[in-house]
4 protein chains.
Amino acid sequence: MPKINRYQDISEIDREAKKDFIDRHSAFVHCEGTAKAGEAFAVTVKVGEEYQHPDDMDHYISSVALYNKDTKLAEATFFAGSQGGQDKKGNTTVTFNVVLDKDAEFVAHAFCTKHGLWESDPVSVTVAA
Amino acid sequence: MPKINRYQDISEIDREAKKDFIDRHSAFVHCEGTAKAGEAFAVTVKVGEEYQHPDDMDHYISSVALYNKDTKLAEATFFAGSQGGQDKKGNTTVTFNVVLDKDAEFVAHAFCTKHGLWESDPVSVTVAA
Amino acid sequence: MPKINRYQDISEIDREAKKDFIDRHSAFVHCEGTAKAGEAFAVTVKVGEEYQHPDDMDHYISSVALYNKDTKLAEATFFAGSQGGQDKKGNTTVTFNVVLDKDAEFVAHAFCTKHGLWESDPVSVTVAA
Amino acid sequence: MPKINRYQDISEIDREAKKDFIDRHSAFVHCEGTAKAGEAFAVTVKVGEEYQHPDDMDHYISSVALYNKDTKLAEATFFAGSQGGQDKKGNTTVTFNVVLDKDAEFVAHAFCTKHGLWESDPVSVTVAA
């Protein structure tokens, strides 16, 4: 508590409404599978994949954090209006450049001001010298 | 106060040391000059252009904020180590996707834990319907 | 740019509306004038003194930062609703405990989601061994 | 993942080292048990109770967040040095004033840059009109 919601295989869930709800809150980590040690490596976190989330004043995605295992690397705070504002929808997206020196496992957290914390699936990256 | 440092035309400054110092602290806004109304638009803020900044525990770039005129759109907090860590250097870089509905003027702030706030030059974007 | 608004002696300003406007956006630093080196020292930042600021979804105080000269010590992010929510007003207030080892000069920044950055008057603290 | 550590009854844990470790990372919520609806109500989050945490550049408490059930009310970011700096220890402490209109259940999160997220025990507050 606070509850951390996790993405589940939405194909298993029959109600379309719920599929939409889960998808648009879930954080997805997008990056290459391998990185070069000591070089800038782009990690994109996008909230939602097939669906978009409202950007209303009282209901928007206010932060996206990126962890490497238990270590927080970076966190982006967004303000209502960044995705078009009232009655608009969007996929809050941020790309952090990080530098790795060994294999990493990324997890992202998104926070919805109405529906709390959502955690991405982990994404593994192999780092080559 | 706190002092806000602003990038100056470094070609005017003769001391190479200062050129390096100013460049590696300055935030630079990179984006297209025109955006389509209501669509995701990528705005990249990169700290430093020709020079890199240390990522030491007691001296690193800890945040990058993006403003549209006086309105803060988003702010990314970085932790020491995200750019390689002690004795390494990097260009802290973050890309925020935002959605615009009218012309914008972006300004970025970077904060160095040792040398304070640095403000980018403003970058204008024309928004077409 | 972004513009940083500073508190002015509001007794000089004749229009009551403006006095209200300036007061409710201004950050005020409250603390003892002397601190003991190495011990916890409470620094309170309160936004507004005689007037309160709305806590509406599209218009609220979203952050309060505390600087010692050019060094950021701490920043608190508030979400709409923390001061009662829509159609309510309040004085966003946060107390940070810090530890000093030499004389300090505090300045606070408050950010209003509609009216931008506001800077407090500086407050000096003498630190005794 | 990231793992969220929770405070446990440390009297059950025999190794003193572990008691110290758990105590100094745990967030504790301190506030009155009852609040008056619509009025400022102080909620203090203190990291550690009997033990203090280092404030080293590579090992410090970097944030303290306050939730009311699943809703994040506020989050304070601290920078290394705010508790005395290298080789010093402290109890990172922040007091947020919030306004409640119904019963609340507070939970705090603290983040240690070396040992990750720590969650407080929940604290219930009854709100009277």
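Across the interface of chain B and chain A, 11 residue pairs are in polar contact, both partners being at pLDDT 80 or more. The structure discussed here is a predicted model. Salt bridges do not add to this picture, as the count between chain B and chain A is 0. The side of chain B that touches chain A is made up, by class, of 9 nonpolar, 8 polar and 2 charged residues.

The extent of this interface can be put in numbers as well. On the chain B side, 19 residues are in contact with 19 residues of chain A. Between them, chain B and chain A bury about 1600 Å², and carbon and sulfur atoms give 53% of that area. Within chain B, the residues that lose the most area to chain A are B:Phe79, B:Asn97 and B:Val99, which together account for 27% of what that side buries. Two elements of chain B, strand S7 (71–78) and strand S9 (93–99), each supply at least two residues of the side that touches chain A.

Strand S9 also links the two chains through pairing. Strand S9 of chain A, residues 93–99, is joined to S9(B) by 3 bridges, and the two strands run antiparallel. For a reader following along in the structure, a convenient place to look is A:Phe96, which stands opposite B:Val94 in S9(B).

The arrangement of these two chains is readily described by symmetry. Two copies of a chain are related by a rotation about an axis and a shift along it. Here, a turn of 180° with a shift of 0.0 Å along the axis lays chain B on chain A, with an RMSD of 0.0 Å. This is therefore the relation of a two-fold axis. Both copies use the same surface, since 100% of the contact residues of chain B recur in chain A. Of the residues of chain B, B:Ala76 comes closest to the rotation axis, its C-alpha lying at 2.0 Å.

Attention now turns to chains C and D. Here 19 residues of chain C are in contact with 19 residues of chain D. The area buried between chain C and chain D is about 1600 Å², with 53% given by carbon and sulfur atoms. In chain C, the greatest losses of area to chain D fall on C:Phe79, C:Asn97 and C:Val99, together 27% of what that side buries. Between chain C and chain D there are 0 salt bridges, while 11 residue pairs are in polar contact, both at pLDDT 80 or more. Strand S7 (71–78) and strand S9 (93–99) of chain C are the elements that give two or more residues to the side touching chain D. That side of chain C divides into 9 nonpolar, 8 polar and 2 charged residues.

Strand pairing is found between these chains too. S7(C) and strand S7 of chain D, residues 71–78, pair in the antiparallel sense over 5 bridges. In this pairing, C:Phe78 stands opposite D:Ala74 in S7(D).

Chain C superposes on chain D, at an RMSD of 0.0 Å, by a rotation of 180° with 0.0 Å of shift along its axis. The C-alpha of chain C nearest that axis belongs to C:Ala76, 2.0 Å away. Of the interface residues of chain C, 100% are also interface residues in chain D, so the copies meet through the same surface.

Definitions and conventions. Residues are numbered from 1 along each chain as its sequence is written. Chains are lettered from A and ligands numbered from 1 in the order in which they are written. This is a predicted model: local features need pLDDT of at least 70, side-chain atom pairs count only at pLDDT 80 or more; totals for chains, interfaces and linings use all residues. Side-chain values use heavy atoms; hydrogens and water are left out. Contact means heavy atoms within 4.5 Å. Buried area is the accessible area (1.4 Å probe) that two parts lose on being put together, summed over both. A salt bridge is a side-chain nitrogen of Lys or Arg within 4 Å of a carboxyl oxygen of Asp or Glu. A polar contact is a pair of N or O atoms within 3.5 Å; within protein, one must be able to donate a hydrogen and the other to accept it, and residues adjacent in sequence count only if both atoms are side-chain atoms. Helices (H or I, at least four residues) and strands (E, at least two) are DSSP runs, numbered from the N terminus. Ala, Val, Leu, Ile, Met, Phe, Trp, Tyr, Cys and Pro count as nonpolar, Asp, Glu, Lys and Arg as charged, and the others, Gly among them, as polar. Two strands pair if DSSP finds at least two bridges between them. Copies are superposed by least squares on the C-alpha atoms of residues with pLDDT of at least 70 in both.
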